[in-house]
Amino acid sequence: MNIRKITTITEDIVTEGGRPVEPAARLAVVAAVIDNPWASQGFVEDLTEGIDAVASDLGATLAPRVMEALGAPLEAYGKAAIVGLDGEIEHGSALIHTLKFGNHFRDAAQASTLLPAVEKRAASGTVFDIPLKHFTDASIRSHHQTIEVRVSDAPHPNEIVIALAGAAQGRPQQRLASLSTER
């Protein structure tokens, strides 16, 4: 695996709806810009070799960095794969939709739900939103949120941006009733 760079973004929301958020609501994203392991190979029928060569090491690299940047216990999480214009969306999906990748984050956070995801093919500098959901119960509405991300010079046409995101809490000032109120 060839990583060109790793970008870490943290966001602290201190006011929402005109009211203070105490403690501040922290979100963190760590994104790695990697060479697409299937670049210049044409259509690859079996993606297993690239998955085996990249996914686990990438998850092991990103997961602890998100936890460190968050600086608090994780309560919500998500992931993203943004494929450069010469790749296929399936290339990004192959790397993030495998337990070899995701279990590193689940284990670090002591989580049990699937990670929500965004995948797309895009030019360098595209903006993308990473969806987040509660780490043990995806039906908990207070933790359904997104964080907007942009890596200014990535992905190049033969690269993929792979990102993990986490939040130490639900949405600031959330006040929706639980899902069970509608059943």
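The exercises below, each with a worked solution, concern the predicted model shown above.

Residues are numbered from 1 along each chain as its sequence is written, and side-chain values use heavy atoms, with hydrogens and water left out. Because the model is predicted, local features need pLDDT of at least 70 and side-chain atom pairs count only at pLDDT 80 or more, whereas totals for chains, interfaces and linings use all residues.

**Exercise 1. The overall fold**

Task: Establish which elements the protein contains and in what order they run, and determine what its radius of gyration says against that of a compact globule.

Solution: Begin with the elements, taken as DSSP runs numbered from the N terminus (helices are H or I of at least four residues, strands are E of at least two). The protein has three helices and seven strands, and from the N terminus on they follow the order β-β-α-β-α-α-β-β-β-β.

Next, turn to the dimensions. For 183 residues a compact globule would have a radius of gyration near 16 Å, and the 17 Å of the protein agrees with this; the radius is taken over C-alpha atoms, and the globule rule is 2.2 Å times the number of residues to the power 0.38. Along the principal axes, the C-alpha atoms fill a box of roughly 50 × 35 × 30 Å.

Then consider the interior. Buried residues make up 46% of the 183 residues, where buried means under 20% relative accessible area, exposed means over 50%, and partly exposed lies in between (1.4 Å probe, protein chains only). Of the contacts (heavy atoms within 4.5 Å) with a separation of 6 or more, 75% are accounted for by residues 24 or more positions apart.

Finally, examine the charges, counting Lys and Arg as positive and Asp and Glu as negative, without His and the chain ends. There are 16 positive and 23 negative side chains, and the centres of the two sets lie 7 Å apart, each charge being placed at NZ of Lys, CZ of Arg, CG of Asp or CD of Glu.

**Exercise 2. The faces of helix α3**

Task: Explain how the buried residues of α3 are arranged around the helix axis, and identify the elements against which they pack.

Solution: First list the buried residues of α3, a helix that spans residues 99-109: they are Phe101, Gly102, Phe105, Arg106 and Ala109. Seen down the axis, these buried residues fall within an arc of 120°, so they line one face of the helix; the arc is that of the directions from the helix axis to the C-beta atoms.

The face turned away from this buried side carries the exposed residues Leu99 and Asp107. On the buried side, the packing partners are α1, β3, α2 (89-96) and β7 (159-167).

To complete the picture, follow the chain beyond α3 to glutamine 110, which lies in the loop between α3 and β4 (117-121). Glutamine 110 is exposed, with a relative accessible area of 70%, and has a positive phi near 55° although it is a residue other than glycine.

**Exercise 3. Two alanines and a serine**

Task: Decide whether alanine 167 is buried or exposed, and state which residues alanine 167 touches.

Solution: Alanine 167 is found in strand β7, and its relative accessible area of 0% makes alanine 167 buried. Not counting residues up to four places away in sequence, alanine 167 touches Arg26, Leu27, Leu70, Pro73, Leu74, Glu75, Ala76, Leu132 and Gln145.

Now bring in alanine 72, which lies in the loop between α1 (48-70) and β3 (76-83) and is partly exposed, at 30% relative accessible area. Although alanine 167 and alanine 72 are 95 residues apart along the chain, their C-alpha atoms are separated by 8.7 Å.

For a further case, take serine 93 in helix α2, which counts as buried at 12% relative accessibility. Leaving aside neighbours within four places in sequence, serine 93 is in contact with Ala81 and Glu119.

**Exercise 4. Backbone details**

Task: Locate the prolines that follow the cis peptide bonds at glutamate 22 and alanine 154, and then describe the backbone at glutamine 173.

Solution: The bond from glutamate 22 to proline 23 is cis, with omega near -5°, and proline 23 has its place in strand β2 (residues 19-35). The bond from alanine 154 to proline 155 is cis as well, with omega near 0°, and proline 155 sits in the loop between β6 (145-150) and β7.

Last, glutamine 173 is found in the segment after β7. Its phi is positive, about 60°, although glutamine 173 is not a glycine, and at 28% relative accessibility glutamine 173 counts as partly exposed.
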